[in-house]
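Please walk through the model below with the sheet as a starting point, and then follow the text inward to the ligand and the residues around it.

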Amino acid sequence: MANERRPLIAGNWKMHKTIKESVELVDGIIGSLAKQPVEGVDVLVCPAFTALERVSKRLSGTDIALGGQNCSHLREGARTGEISPLMLLDAGCTFVILGHSERRSYFHETNEMIGAKVKLALECGLRPVLCVGEALEQREQGRTFDVLRTQIEGCLTGLAAEQLAKVTVAYEPIWAIGTGRTATPETAQEAHRFIRGLIASLSMAQVANGTRILYGGSVKPENAASLLAQPDIDGALVGGASLKADAFYAIITSAR
Ligand code: PEP
């Protein structure tokens with residue numbers, strides 16, 4: 001029932017890269033892994049929607065997984081500009097990032113909306129990567145754990161244990177995303193341990209012990225190893241550094 005806690009290194013390409021550039025980037029990652037394979041680490045790339053199908057073709061025959069960066073809470077219908085989880089599956093995805101702080105802040109996604117997306121993604125057979133994390137002001141006010149509790153409970157309450165076991169959580173303190181400012185390994189570990197406890201209280205320790213909790217926020221080749229060495233940090237969700245094949249490959253090797 002539980003996830004295996006093999007480290008997972010996920011690249012969130014955000015709104016970057018044309019189709020051609022995406023293919024070049026994924027070819028670079030595939031090439032590095034073919035030349036010097038990294039055992040025991042799972043790898044996920046999340047390109048823009050337009051590049052999914054072409055990247056999916058390149059990934060066939062490799063162990064690298066493909067994910068979307070968002071999806072609708074509906075299977076289909078009149079929702080101009082939205083994308084269904086079924087469409088992501090159709091394009092070759094097995095994962096989907098949900099509740100990224102950029103979705104929460106620029107597109108006003110609430111925990112309730114994100115929870116509905118998580119539920120439907122699971123029903124459709126996708127594995128959600130649920131992003132949570134506090135803003136700087138919330139941390140300075142000592143509200144980090146309250147924020148994490150509200151986000152985790154708001155997005156994951158009501159899932160069956162078998163569903164929860166398919167969810168990956170990404171702890172991404174907002175003040176560390178794209179800022180070059182990384183949480184110290186100890187600060188990140190404290191939040192990860194707390195999140196694992198929240199998952200245990202929503203379901204059972206067996207599920208929580210198997211849940212992969214990724215750290216995200218200015219992860220780079222230089223800081224990845226010390227973060228990934230923490231007992232409750234099971235991988236990384238990488239933005240900026242995932243846009244260069246050599247930097248992303250270096251982070252993958254740090255997870256070994
Ligand atoms: C992200 O947006 O998920 C992220 C972690 O970005 P960066 O690595 O650039 O901080």
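**From the barrel to the ligand**

Strand β3 (residues 65-68) and strand β4 (residues 95-98) run parallel and are joined by two bridges, where strands are DSSP runs of E with at least two residues, helices are runs of H or I with at least four residues, and both are numbered from the N terminus. Two strands are taken as paired if DSSP finds at least two bridges between them. Within this pair, glycine 68 stands opposite valine 96 in β4. The wider arrangement is a closed barrel of eight strands in the order β1-β2-β3-β4-β5-β6-β7-β8, with parallel pairing. Neighbouring strands of this sheet are turned against each other by 25° on average, direction ignored, with axes as lines fitted to C-alpha atoms (for helices over the stretch in contact) and angles running from 0 to 180 degrees between N-to-C directions.

The model is predicted, and local features need pLDDT of at least 70, side-chain atom pairs count only at pLDDT 80 or more, and totals for chains, interfaces and linings use all residues. Residues are numbered from 1 along each chain as its sequence is written, while side-chain values use heavy atoms and leave out hydrogens and water.

Helix α7 (residues 144-156) lies across β5 (127-132) and β6 (168-171), and runs at about 155° to β5.

The ligand is surrounded by 14 residues, the closest being Lys14, His100, Glu172, Gly178 and Ser218, where a residue counts as near if one of its heavy atoms lies within 4 Å. This shell divides into four nonpolar, eight polar and two charged residues. A side-chain N or O atom of glutamate 172 is 2.7 Å from an oxygen atom of the ligand, and a polar backbone atom of glycine 239 is 2.8 Å from a ligand oxygen atom. For glycine 240, a backbone N or O atom lies 2.8 Å from an oxygen atom of the ligand. Taken alone the ligand exposes 290 Å², of which the protein buries 95%, by the Shrake-Rupley method with a 1.4 Å probe.

Lysine 14, one of the closest residues to the ligand, is found in the loop between β1 (8-12) and α1 (19-35). Its phi is near 50°, a positive value in a residue other than glycine. Leaving aside neighbours within four places in sequence, lysine 14 is in contact (heavy atoms within 4.5 Å) with residues including Cys46, Gln69, His100 and Gly239.

Key:
Polar contact = N/O pair within 3.5 Å; in protein donor to acceptor, adjacent residues only side chain to side chain. Nonpolar A, V, L, I, M, F, W, Y, C, P; charged D, E, K, R; others polar.
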